[in-house]
Structure formats: structure tokens, C-alpha cells
Amino acid sequence: MKIQNVKGGYDFIPREQKIRNYINDTLRGVFEEYGYLPIETPILCYFDILTGKYDENNDILNEIYKLTDQGDRKLGLRYDLTVPFAKFIALNKKEIKLPFKRYEINKVFRDGPVKVGRDREFTQCDVDVVGLDGQGIEAELLNLYVRGYSKLGIDIIIKYNSRKLMSGLIKEAGVEDKDISSVITILDKIKKISREEIINYLSEIGLSMGVIVLLLEYFTLSMEEINKKFKYSSNELVIEGINEINELEKYIIGMKIEKYCTFDSSLARGQDYYTGNVFEVYEANGLLTSSIGGGGRYDKMIGEFIDDGEVYPAVGVSFGLTSLYELLKNREEFSNDSLIDIYIIPINTNIESLILGEKLRDLGFKVDIEMTNKKIKKSLDYANKEKIPYVIIYGEDEVNNKVFKLKDMFNNKEIDVSFDKISDLKKVLGI
């Protein structure tokens, strides 16, 4: 037997997992500040629920991990958190009240090719609202992005666009309805590949040069120019898209987050289920070129999934946890940070050391106790290697005198601590 991880799955050592926990805990706190509620959905799903809304040629069907249980029922591992959320609404709609705001941070699985930024097992972080129309809630989600990334110390730029506006402009250029989805996919790459490559791709799907020229003109316009040029258009998609972007921008300016937000007419987000405004987040200083978050409005997906005749307007965003880890992993505060605050080295005081450890934990310290009878020098070497900031060498004299020395390993000094004043220890250490 060769001991190894499945390709696309990883172990995380304590230091790595601490950073991951820090990201999750920080974001969880932000979500709850905005009134979003935690839920958890099962990893295992019935296969037909995972696949019910896709045609048989959709690529996602090839990436679902398929299995059967002992009752020969066809099951699958969830590949995202959106379909399980739609199922959650269907099963719990009598218990929950709309609008419903939720977040979920959980594992998903995809049986696809493994490459940088694309694993087979990874954690998704989704924030969604069901039951609210309009740009007010979209603006709140943009603000949530700003606050969340700010708390993680990451500078961001949020790009936004409207799928309605994008589809409308494509029709204005003379593209037939059947080709709109293909054109959107190509235009989504307009800032990633050369103008010549864009022209070639558009030509390959049968567009004339006249149509291509118009597309390239329309998709280099600013929002101000689009407002002027198409103010009196009879194209409903264009007008609806313009109105929704203009309304969103009023909120952005009103909340004073315009320095983080920029309009991008070619942003598509790649998924056909988006029905309105879409968003993508990028690290502002170019430390990563790929997006670190994204989302948008998907007003039809849940209603079509539940199929009960009701409308479930929805909008959501996600945070790229793998990308966030890459941005944070080399920061000095994590390289010097220990998982332990105080390390107790007993000298014939095993029971007393356990009691002392409990007292310190009651005060909020993370405490480890040496239990292998190592010599003091080796124990101190271990504390240095693990970057543990404080050590207590705890012998019988310390127990009898009810005073111990707290050794500051970083500043090479000792602090006398009386048991009578142990409750003041954090104040003494300036923590």
C-alpha cells in the first residue's frame, strides 16, 4: 500500500490550518455583523437533485463524484453550495421567513482535472439572500466585501457589471439570440487576450466584421458613455441593465465605497444562471491575478429548482478561501505566531502543573504542559523552536512559595508571578 493523498486533496499542518481558521473566523464574524445566519447542508445528495436542472451534455455532470449506498440509491457528493441551498429552501420554506440571509463555509468536491487554483476537494464560502429584489441588498453585499477583506488586511478592487446590459449591448450590435451566450463567453476574455484573438474568436462563431466592430466599440464605452448613447434605446435589456447599474452606483457613492468599485462592461462571471448585476473581486496590488471572490443576482435558479410556481429572487457572493490563504500565508504575523501562549515544564510537580495549567486556561491563555520528562534545556529548545512566547519552570519551591517565574522567551527576561495575583497576569503582560 502506497500512503498518499488523493490527487487534489491536501493535509494542512497546524500552522497552515491556523491561518485557514483565522480567515474563516474573521469572515464568519463579518457575516454575522450583517445579520447573515449560519446553515449547514449535507455533503451527500441524491444524484438526481444535483443533476436535475442540467442537460445531459453539461460539463458539470462529468465532475460529480457518483456513488451508491447499501440500498442501491444513486448519490453524489455536492460540487457547490448553491444547489444544496436551493434544496434547503425547498425543504424548510415553512420554517424560514423570507427574506432569508445565510452563509455557509463548507467542503465541496469536483472530479475534474487538477491544476493551480482548482482542486478536487476544497472549501467554499458563500453568502446569499433569498427574497429581496433591487440593488439595496446588492450594495450591502459589496459593503460586506469591503469590510471582510479590510479585516483580513487585503486591498481590493470590486468590478461590477449587468448581465442584462451585456446581453442588450450584444443584441444592439446585431448578434442573433442563439449566439449571445457564445459572445458573452468570448467578451469575458477581452481584458485577458489580445484584440486580434477576440476578433478571431468572434469570426469563428460566424459574426460579420461589421458586427464585431460594433461589439468592440460598445464594450470599450464607460458607463457615462453608455448612458448617453443608449438613453432612448428601445432595447428593454439595455434599458433595464442601465437602470440597475445606475441605481447600484447611487448606493456605492452614498456608502462612500466608490474607491473600491469599478464598472467593467465585459465582466460576465461565466455562468448562464446570472440574471442581473454581477461582481468580481481582485487583489488591488497585483499580488494575485485571478479573482479572489465573485457573485451576482440569480433570480430564476431557486424558483426553477423548486418548481412550485413561486418566485425566489436571490443574490449571493463567494469568497475565494484558497486565494486568501495564498495572500496571507507568508505574512510575518503568522510566521512568528505560536499556537501556544504558555509552556509549563514540571519538575516533580506533574499534578500541580496540571492544576496551574487549568488556572491559566481559565484566564484565556492557550497552555501546553511538558509530559515526556525531557531535560530543561531540551524543553526550552522546544519552546524556542515552536516560538512559544512564555515558559514556566514549575518545581516544588514554586508550589510551596506560591510564586513562579514566567520566562519571556522573546525578550530573555523573567517575571515573578504570585498565585494571589495570577488573575492580573494578562494586564502585567500587556495583553
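Visitor: At what angle do α1 and α4 pack, and how far apart are their axes?
Guide: In this predicted model, helix α1 (residues 14-33) and helix α4 (residues 135-151) pack at about 145 degrees, and their axes are 9 Å apart. Axes here are lines fitted to C-alpha atoms, for helices over the stretch in contact, with angles from 0 to 180 degrees between N-to-C directions. Helices (H or I, at least four residues) and strands (E, at least two) are DSSP runs, numbered from the N terminus.

Visitor: What about the numbering and the cut-offs on model quality?
Guide: Residues are numbered from 1 along each chain as its sequence is written. The model is predicted, with local features needing pLDDT of at least 70 and side-chain atom pairs counting only at pLDDT 80 or more, while totals for chains, interfaces and linings use all residues; side-chain values use heavy atoms, leaving out hydrogens and water.

Visitor: Back to the helices. Is the crossing left-handed or right-handed?
Guide: α1 passes α4 in a right-handed crossing. That word applies if the near helix is turned clockwise from the far one by less than a right angle, and left-handed if anticlockwise.

Visitor: Which residues make the contact?
Guide: From α1 you have Tyr-22, Thr-26, Leu-27, Val-30, Phe-31 and Glu-33, and from α4 Leu-144, Arg-147, Gly-148 and Lys-151. Contact means heavy atoms within 4.5 Å. The contact residues divide into five nonpolar, two polar and three charged. For that split, Ala, Val, Leu, Ile, Met, Phe, Trp, Tyr, Cys and Pro count as nonpolar, Asp, Glu, Lys and Arg as charged, and the others, Gly among them, as polar.

Visitor: Switching topic: how many disulfides does the structure hold?
Guide: Zero. A disulfide would be a pair of cysteine sulfur atoms within 2.5 Å.

Visitor: Why is Cys-125 without a bond?
Guide: Because the closest cysteine sulfur, in Cys-45, is 19 Å from the sulfur of Cys-125, too far for a bond. Cys-125 is also buried, at 1% relative accessible area. Buried means under 20%, exposed over 50% and partly exposed in between, with a 1.4 Å probe and protein chains only.

Visitor: OK, now the sheet. What's the strand order?
Guide: Five strands form an open sheet, β13-β12-β14-β15-β16, with mixed pairing. Strands pair if DSSP finds at least two bridges between them. The edges are β13 and β16 (413-418), each pairing on one side only.

Visitor: How enclosed is β12?
Guide: Five of the five residues of β12 (residues 342-346) are buried, so the strand is largely enclosed by the rest of the structure. Ile-342, Ile-344 and Pro-346 point one way, Tyr-343 and Ile-345 the other. In a regular strand, side chains alternate between the two faces of the sheet.

Visitor: What stands opposite Ile-344?
Guide: Ile-369 in β13 and Ile-392 in β14. β12 pairs in the parallel sense with β13 (residues 367-369) over three bridges, and in the parallel sense with β14 (residues 390-394) over five bridges.

Visitor: Which strands does α14 touch?
Guide: α14 packs on the sheet against β12, β13, β14 and β15 (403-408), its direction making about 165 degrees with that of β12. Helix α15 (residues 376-385) also packs on the sheet, touching β12, β13, β14 and β15, at about 170 degrees to β12.

Visitor: And Ser-353, buried or exposed?
Guide: Buried, at 0% relative accessibility. Ser-353 lies in α14 (residues 350-362). Leaving aside neighbours within four places in sequence, Ser-353 is in contact with Ile-344, Pro-346, Ile-369 and Tyr-394.
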